[in-house]
Amino acid sequence: MALLIKGGTIVGPWGEMPADLRIENGRIQHLGFDLEPDYRDSVLDATGLYVLPGMVDMHTHFYLRIGDIYSADDFDSGTAAALAGGTTTIVDFVTPDRGEDPISAVRARMNEAENARTDYSFHLCLMDDSDDTLDAMDEAASMGIRGFKVFLAYPDRYMVSPAQLRRIMARARELGALVLVHAEDGPEVERLREEALEQGHTGVIWHARTRPSWQEGRAVRVVADAVRDMRTPTVIVHVSAKEAAEIISDSKELPLFGETCPQYLWLDESRLMRPGVEAAAHVCSPPLRTEDHMKALWGHLASLGLHEVSTDHCPFELALREAPDFTRIPGGLPGVETRFGLLYWGGVYQGRFSMSHLVRLLSTNPAVLSGLYPKKGEILPGSDADLVFFDPHGFTPISVDSLHGRSDHDPYDGLVLPGQIVGVLSRGEVVMDGGEVIAEPGRGRFIQRQPLSSGRLSMVKSGIYPWPL
Ligand SMILES: [Zn+2]
């Protein structure tokens, strides 16, 4: 018994075409023209709709603990929001406390994610290059976790030195794993923050003024130099500054990749000057910047100077954002549900790039970089039947009340986006229909990630993908 999807326009990273799909046992079995059902098959009419691979968000923070508070969404509500927004796979993080055994932290995180509705994986955050840490990388990779995140920011908590970064990169390369870097210049930011506080600057805008774009560029330069030596596939997460994007874009010959997030494309730093807690609601690191940075990031997405858009979804309730000065606000914005709509609007609807390029940025490229491709991120025979049905003639109002996450605020509240996701399949089953999330908590599966291959990574760099027929 198969499911036949007929009459839609299939979009992959390779382009788009009117075609039909046959789905069996949760996977795409056949892509072709005028497929005929037999008597046992069910048929889904996709006339007038785009049929896209399920979106992959490789950067979420569900149930993230900072001190004694947690981010607003757990894996249940966060993945419900993801499905409503067309995202069928998320990659979250394991963030061990300093001194905690990373593998015990992985196991604890697995338990926390048991109520996920989407498929999922993790990246493991590392804070040093000790032999124990490198051994933990081996063990994590054997568990199917092939992404390791390090910070050049936060000297008092997470920061690694350039030498430590290289040791971690060397081990990651042996394991076929990705290194993800939060690239900000920790000591420089620390100095600017102390200076601002000494001068009595406590307002929220100083969060941005003490994290200037040039320090982000400087940190990305350190990473690019390390990648040049080590040749380890590396992604700079949440790029916000044009200086940073330019270095990545110019590193065409290196396995260096760039991620940005919807907030850096759509929101500027004037949000940090809004009254009361509204300003604090827009704190994230790196910070929101100015129009010229936003314009540059859109340009780099269109030209593949940047390679994927994930969300860094990490809202905290407004009550938790009240703080006596800008250094004590828990940072992070929501985005896991609105990502597709915002990128469709700014990317396709406003004429910056094609539907298939949108699929690359939101689905295929994060899948390749995370070692999930071609199981995820593609519409090819053998791929999981994770599919998004998108009606370009519909529209999507955004309101805090109707979003599926638990955040009590949203920076896009009140917007009406063009286009509408009308249905989502995960492994061949309907998990969202007409805006209603049907998947139960716990339906999601932990996905083992494959070692990265240079051939697939070069597709991300070049934008050239195999034709499916
Ligand atoms: Zn993050």
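**Close-up views of a predicted model**

**View 1. Helix 7 meets helix 8.** In this predicted model, Ser213, Trp214, Glu216, Gly217, Val220, Arg221 and Ala224 of helix 7 touch Lys242, Glu243, Ala244, Ile247 and Ile248 of helix 8. Sorted by class, this contact holds 6 nonpolar, 2 polar and 4 charged residues. How do the two axes cross? Helix 7 spans residues 213-230 and helix 8 spans residues 242-250; their axes come within 7 Å and cross at roughly 25°. Angles under 35 degrees count as roughly parallel, so helix 7 and helix 8 are roughly parallel to each other.

**View 2. An open sheet of 8 strands, with parallel pairing.** Following the sheet across, you meet the strands in the order 8-11-12-13-14-15-16-17. Which strands stand at the edges? They are strand 8 (55-57) and strand 17 (308-309); each has a single partner strand, so one side of each is left without a neighbour in the sheet.

**View 3. Strand 11 beside strand 12, with helix 7 on the sheet.** Here you can follow strand 11 (residues 87-94) and strand 12 (residues 119-125), which pair in the parallel sense over 6 bridges. A handy place to start is Phe93, which stands opposite His123 in strand 12. Helix 7, already met in the opening view, packs on the sheet and touches strand 14 (178-182), strand 15 (234-236) and strand 16 (256-260). The direction of helix 7 makes about 170° with that of strand 15.

**View 4. An open sheet of 4 strands with mixed pairing.** This time the strand order is 5-4-1-6. Strand 5 (27-32) and strand 6 (42-45) stand at the edges with a single partner strand each, so one side of each has no neighbour in the sheet. From one strand to the next, the twist averages 20°. Look also at strand 1 (residues 3-6) and strand 4 (residues 20-24), which run antiparallel and are joined by 3 bridges. Leu4 has Arg22 in strand 4 as its bridge partner.

**View 5. Domain 1 against domain 2.** The protein chain is divided into domain 1 (3-52 + 380-441) and domain 2 (54-369), with C-alpha centres 27 Å apart. Where they touch, 36 residues of domain 1 are in contact with 44 residues of domain 2. Several strands each supply at least two residues of the domain 1 side, among them strand 2 (9-12), strand 3 (15-18) and strand 18 (387-397). Which strand gives the most to this side? That is strand 19, with 6 residues. By class, the side of domain 1 that touches domain 2 has 20 nonpolar, 10 polar and 6 charged residues.

Key:
Residues are numbered from 1 along each chain as its sequence is written. This is a predicted model: local features need pLDDT of at least 70, side-chain atom pairs count only at pLDDT 80 or more; totals for chains, interfaces and linings use all residues. Axes are lines fitted to C-alpha atoms, for helices over the stretch in contact, and angles run from 0 to 180 degrees between N-to-C directions. Angles under 35 degrees count as roughly parallel, over 145 as roughly antiparallel, 65 to 115 as roughly perpendicular and the rest as oblique. Two residues are in contact if their C-beta atoms, placed from the backbone, lie within 7 Å. Ala, Val, Leu, Ile, Met, Phe, Trp, Tyr, Cys and Pro count as nonpolar, Asp, Glu, Lys and Arg as charged, and the others, Gly among them, as polar. Domain bounds come from an automatic or database domain assignment. Two strands pair if DSSP finds at least two bridges between them.
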